[in-house]
Amino acid sequence: GVPGRPLLEVESVVMSFAGLRALAGVSLALEAGSVVALVGPNGSGKSTLVNVISGIYRPTAGRVVFEGVDIAGWQSYRIARLGITRTFQDPRNAPNLTVRENIIMGANRLYRSSALAVALDTPAARAEEDHFLSRVEALMAAAELKPYADTEIRVLPYGIQRLAEVTRALASEPKLLMLDEPAAGLSEAESAQLARLVRLARDHGVAVLLIDHHMDFLAELVDEVVVFEAGDEIYRGDMDGMRSHPAVITAYLGI
Ligand code: ADP
Ligand code: MG
C-alpha cells in the first residue's frame with residue numbers, strides 16, 4: 001500500500017445508465033483491517049458501487065484509487081488480480097462441487113507451481129500443494145464448515161451455501177473484500193457465523209465493504225456506516241448516529 005493513504009479511495013464516482021443516475025458523485029475511503037457498511041433503500045446504488053469498484057461497470061466519471069493506482073474502468077479480471085474480491089447478491093458457487101472443492105477454487109489464485117512441476121510431481125510442487133490444502137482446511141475450520149466439507153453445495157441449506165461462498169472469497173486472500181447482502185436469508189445462528197468470519201478477515205488486515213441492512217448484525221461489526229439514498233451519501237458515521245439522523249430516518253428507517 002501507499003503509506004499514509006487508505007487502501008481504497010472512491011472519489012466523486014458518477015454512474016449513469018441511459019439517463020438514470022445510479023451514483024451521483026460518491027466518495028468513500030476504506031482502510032486495511034476495517035469494516036465499512038453500506039446501507040440504503042432498494043435502488044439507492046449500493047450494488048452499483050460494488051460493480052464499479054470490481055470493474056463490472058466503468059464509471060461515467062470519478063476515480064477508484066486502490067493502493068495509489070486509479071483502477072476505474074479496468075477489466076474485472078485485472079482488478080481481481082490486485083486482491084479485490086466480491087460476492088454477489090445471489091450466491092455463485094459451483095453447485096455440483098463440494099464445499100472443499102469450491103474453497104480450493106477460491107484459493108487457486110495463490111497457487112504458483114507450473115503445470116509441468118505439478119505433472120512431474122516435483123518436491124516443490126508437492127510441498128506447495130500440501131501447504132495450500134492445509135490452508136484450505138484451516139479456513140474451513142475457522143468458518144465452521146468442516147462438517148460440510150465433502151458435501152456438494154447444491155444439497156446444503158441456503159445459509160451454508162452463503163457461508164461457503166464467503167469462505168471461498170476469503171481463500172483468495174483478498175486485500176479488499178466486498179460482500180453484497182451476505183446476511184440475507186440467513187438464520188440468526190448463520191448470521192453470527194458470518195459475523196465471526198468477517199471479524200476474522202478484518203483481524204487479518206482485510207478491508208471489508210459490507211452491504212447489509214440488519215442493524216443488529218452490523219452493530220457488532222462495523223467501524224463506519226455510510227448511508228445512500230438515490231445514489232448520494234446522506235450519512236457517514238457510527239451506528240448510533242445513523243439511527244438518530246433525521247435524513248436517514250426519513251429515507252430509510254421510516255419506510
Ligand atoms: P441497490 O443495490 O442499492 O438496491 P442498485 O445499485 O442495484 O441499487 O441500483 C441502483 C439504480 O441503478 C437502480 O435504479 C437500478 O435500476 C439501476 N441500475 C443498476 N444497474 C443497472 C444496469 N445495468 N442498467 C440500468 N440500470 C441499472
Ligand atoms: Mg443491491
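These are my notebook entries on one protein chain, looked up in a predicted model.

**Entry 1: the whole chain**

I began with the secondary structure. The protein chain has 10 helices and 10 strands. Next I looked up how compact the chain is. Its radius of gyration is 19 Å, and the globule rule gives 18 Å for 255 residues. The two values are close, so the chain is as compact as a globular protein of that length.

I also looked up the box that holds the C-alpha atoms. Along the principal axes, that box is roughly 60 × 40 × 35 Å. Then I checked burial. Of the 255 residues, 38% count as buried.

Last came the contacts. I took those between residues at least 6 apart in sequence. Of these, 67% join residues at least 24 apart.

**Entry 2: H3 against H6**

How do helix H3 and helix H6 pack? H3 covers residues 99-107, and H6 covers residues 158-171. I found an angle of about 30 degrees between them, with the axes 6 Å apart. Angles under 35 degrees count as roughly parallel, so H3 is roughly parallel to H6. I noted the crossing of H3 and H6 as right-handed.

Then I listed who meets whom. H3 brings Val99, Asn102, Ile103, Met105, Gly106 and Ala107. H6 brings Ala164, Thr167, Arg168, Ala169 and Ala171. I sorted the residues of this contact by class: 7 are nonpolar, 3 polar and 1 charged.

**Entry 3: H6 against H7**

I stayed with H6 and turned to helix H7, residues 188-203. H6 and H7 pack at an angle of about 5 degrees, and their axes are 10 Å apart. That angle makes H6 roughly parallel to H7.

Which residues of H6 meet H7? I found Gly159, Leu163, Val166, Thr167 and Leu170. On the H7 side I found Glu190, Gln193, Leu194, Leu197 and Ala201. By class, this contact has 6 nonpolar, 3 polar and 1 charged residues.

**Entry 4: two residues in one loop**

I moved to the loop between H5 and H6. Helix H5 covers 123-142. Alanine 143 is found in this loop, and proline 147 lies there too.

Is alanine 143 buried or exposed? I counted 24 other C-beta atoms within 10 Å of alanine 143. A residue is buried at 20 or more, so alanine 143 is buried. I left aside its neighbours within four places in sequence and looked up its contacts. Alanine 143 touches Leu163, Thr167 and Leu197. Leu163 and Thr167 are also among the H6 residues that meet H7, and Leu197 is on the H7 side.

I asked the burial question again for proline 147. Proline 147 has 10 other C-beta atoms within 10 Å. The cut-off for exposed is 12 or fewer, so proline 147 is exposed.

I also took two C-alpha distances. Proline 147 and histidine 131 are 21 Å apart in space and 16 residues apart in sequence. Alanine 143 and tyrosine 57 are separated by 31 Å, with their positions 86 residues apart along the chain.

**Entry 5: a residue in a strand**

My last stop was alanine 22. It is found in strand E2, residues 20-30. I counted 22 other C-beta atoms within 10 Å, so alanine 22 is buried. Again I left aside neighbours within four places in sequence. Alanine 22 is in contact with Met15, Phe17, Gly45, Thr48 and Gly231.

I closed with one more C-alpha distance. Alanine 22 and leucine 145 are 37 Å apart in space, and 123 residues apart in sequence.

Key:
Residues are numbered from 1 along each chain as its sequence is written. Chains are lettered from A and ligands numbered from 1 in the order in which they are written. This is a predicted model: local features need pLDDT of at least 70, side-chain atom pairs count only at pLDDT 80 or more; totals for chains, interfaces and linings use all residues. Helices (H or I, at least four residues) and strands (E, at least two) are DSSP runs, numbered from the N terminus. The radius of gyration is taken over C-alpha atoms; the globule rule is 2.2 Å times the number of residues to the power 0.38. Two residues are in contact if their C-beta atoms, placed from the backbone, lie within 7 Å. Axes are lines fitted to C-alpha atoms, for helices over the stretch in contact, and angles run from 0 to 180 degrees between N-to-C directions. Angles under 35 degrees count as roughly parallel, over 145 as roughly antiparallel, 65 to 115 as roughly perpendicular and the rest as oblique. A crossing is left-handed if the near helix is turned anticlockwise from the far one by less than a right angle, and right-handed if clockwise. Ala, Val, Leu, Ile, Met, Phe, Trp, Tyr, Cys and Pro count as nonpolar, Asp, Glu, Lys and Arg as charged, and the others, Gly among them, as polar.
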